[in-house]
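The following exercises are to be worked with the sequence and the coordinates side by side. Each task is followed by a solution in steps.

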Amino acid sequence: MSILQVDNLKKYFPIEGGLLFKKIIGHVKAVDGVSFSINKGETLGLVGESGSGKSTVGLMTLRLLNMTDGDILFNGKPISSFDKEEMKQFRLRAQMVFQNPFASLNPRMIIRDTIGRVLKIHGLVKNDDEMDEHILKTLEEVGLKREHLGRYPHEFSGGQRQRIAVARALVSNPEFIVLDEPTSALDVSVQAQILNLFKTLQENRGLAYLFISHNLAVIRHISDRVAVMYLGKLMEYASKDSIFNSPKHPYTQALLRSIPKPFIAGEDIEDKVIKGDIPSPVNPPSGCGFHTRCSMAKDICKREVPEWREIETKHWVACHFA
């Protein structure tokens, strides 16, 4: 059963111009018709280059950013129609862990207050003793101790700060968490620890994740299904094994070729790099957005937007020639 259903999601940011009288002269099409679903206890990896719209999608799934068009259903109900009380319950059940633990924690609050604030705002505890017990249980779940309660964020390492951020997200007992590049600011050895923590928490709590990253190795390790995003659109959407073992879209194939590997003498490294820069979302290319960088592009790719096709069981791709 899907805990989150995203249908034809769009986010256009207006561009204003004019010296005296401001008027809208265009739009940045950050997200342009994205659809996917996430089942309970599942991890969907959302991958793509910087500027592809991944984080914007994540923010909209939690209604931290309003959508321009489309639908987002949480447990079958559209989040855009939630009233104040429904929104309060949604905030308990859906949380987010941000990319940078150095910026996402208040430097002036001790860890007890950072995590306890969630419990107080939502009235989840009756008194301070109950709050401390709840916080300590959550801290221990992410690998921290009682002695950490009274410390400030600057007294912790990057990996410990991210564990604190995870504890803050967990303390309200959510069902769904958006993880926006949660390991990219950490050392490689610490990344592995945090990824294993996410998997353990998912097994113990039955959590569903939207895991946003540009790191394909991380996506392969953590995800059950993968959605590949480029210039505000989804290019390919399938199981992890299908994406990594049998990619269909030229963009996905190019991304996988670009994964760094040990240098081999005589091998042409340039052939593995996606040539050119990602086009501007203000004025995206006609037809398939990837045709300006695609080695397989034909005239039809410049004229027509490819429709989604199911190549095999639950393997969807948007390409004329896949």
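**Exercise 1. Determine whether Thr56 is buried or exposed, and place this residue in the fold.**

Step 1. Thr56 has a relative accessible area of 15% and is therefore buried; buried means under 20% relative accessible area, exposed over 50%, and partly exposed in between, with a 1.4 Å probe and protein chains only as cover. The model is a predicted one, in which local features need pLDDT of at least 70 and side-chain atom pairs count only at pLDDT 80 or more, whereas totals for chains, interfaces and linings use all residues. Residues are numbered from 1 along each chain as its sequence is written, and side-chain values use heavy atoms, with hydrogens and water left out.

Step 2. Thr56 lies in helix α1. Helices (H or I, at least four residues) and strands (E, at least two) are DSSP runs, numbered from the N terminus.

Step 3. Apart from neighbours within four places in sequence, Thr56 is in contact with Lys11, Phe13, Ala30, Val31 and Leu65. Contact means heavy atoms within 4.5 Å.

**Exercise 2. State the strand order of the open sheet and describe what packs on it.**

Step 1. The order of the eight strands is β6-β7-β8-β3-β9-β10-β12-β11, with mixed pairing. Two strands pair if DSSP finds at least two bridges between them.

Step 2. At the edges are β6 (94-97) and β11 (309-312), each of which pairs on one side only.

Step 3. Neighbouring strands of this sheet are turned by 20° against each other on average, direction ignored. Axes are lines fitted to C-alpha atoms, for helices over the stretch in contact, and angles run from 0 to 180 degrees between N-to-C directions.

Step 4. Helix α1 (residues 54-61) packs on the sheet and touches β3 (43-47), β6, β7, β8 (208-213) and β9 (225-230); its direction makes about 155° with that of β8. Helix α7 (residues 188-205) also packs on the sheet, touching β3, β7 and β8, and its direction makes about 160° with that of β8.

**Exercise 3. Characterise the two edge strands, β6 and β11.**

Step 1. β6 and β7 (residues 176-180) run parallel and are joined by four bridges. Within this pair, Ala94 has Phe176 as its bridge partner, and Met96 has Val178.

Step 2. In a regular strand the side chains alternate between the two faces of the sheet. In β6, Ala94 and Met96 on one side and Gln95 and Val97 on the other are all buried, which leaves both faces covered.

Step 3. β11 pairs with β12 (residues 315-317) in the antiparallel sense over three bridges. Glu310 is the bridge partner of Trp316 in β12. Two residues lie between the strands of this hairpin, where Lys314 takes a positive phi near 55°.

**Exercise 4. Which residues does Leu179 touch beyond four places in sequence?**

Step 1. Leu179 belongs to strand β7 and is buried, with a relative accessible area of 0%.

Step 2. The residues touched are Val97, Phe198, Tyr209, Leu210, Phe211 and Ile212.

Step 3. For one of these, Phe198, the separation from Leu179 is 19 residues in sequence and 9.6 Å in space, C-alpha to C-alpha.

**Exercise 5. Identify the buried residues of helix α4 and what covers them.**

Step 1. In α4 (residues 111-121), Ile111, Arg112, Thr114, Ile115, Gly116, Val118 and Leu119 are buried.

Step 2. The cover over these residues includes α5 (128-141) and α6 (158-170).

Step 3. Gly123 follows α4 and has a positive phi, near 65°.

**Exercise 6. Describe the nonpolar cores and the overall dimensions of the chain.**

Step 1. The largest nonpolar core has 54 residues, of which Ile115, Leu139, Phe198, Phe211 and Tyr251 touch the most other members. Such a core is a set of buried Ala, Val, Leu, Ile, Met, Phe, Trp, Tyr and Cys residues joined through side-chain atoms within 4.5 Å. A second, separate core of 30 residues includes Leu4, Val57, Ile79 and Ala208.

Step 2. The chain has 11 helices and 12 strands. Its radius of gyration is 21 Å, close to the 20 Å that the globule rule gives for 322 residues, so the chain is as compact as a globular protein of that length. The radius is taken over C-alpha atoms, and the rule is 2.2 Å times the number of residues to the power 0.38.

Step 3. The C-alpha trace spans about 70 × 60 × 45 Å along its principal axes, and 47% of the 322 residues count as buried.
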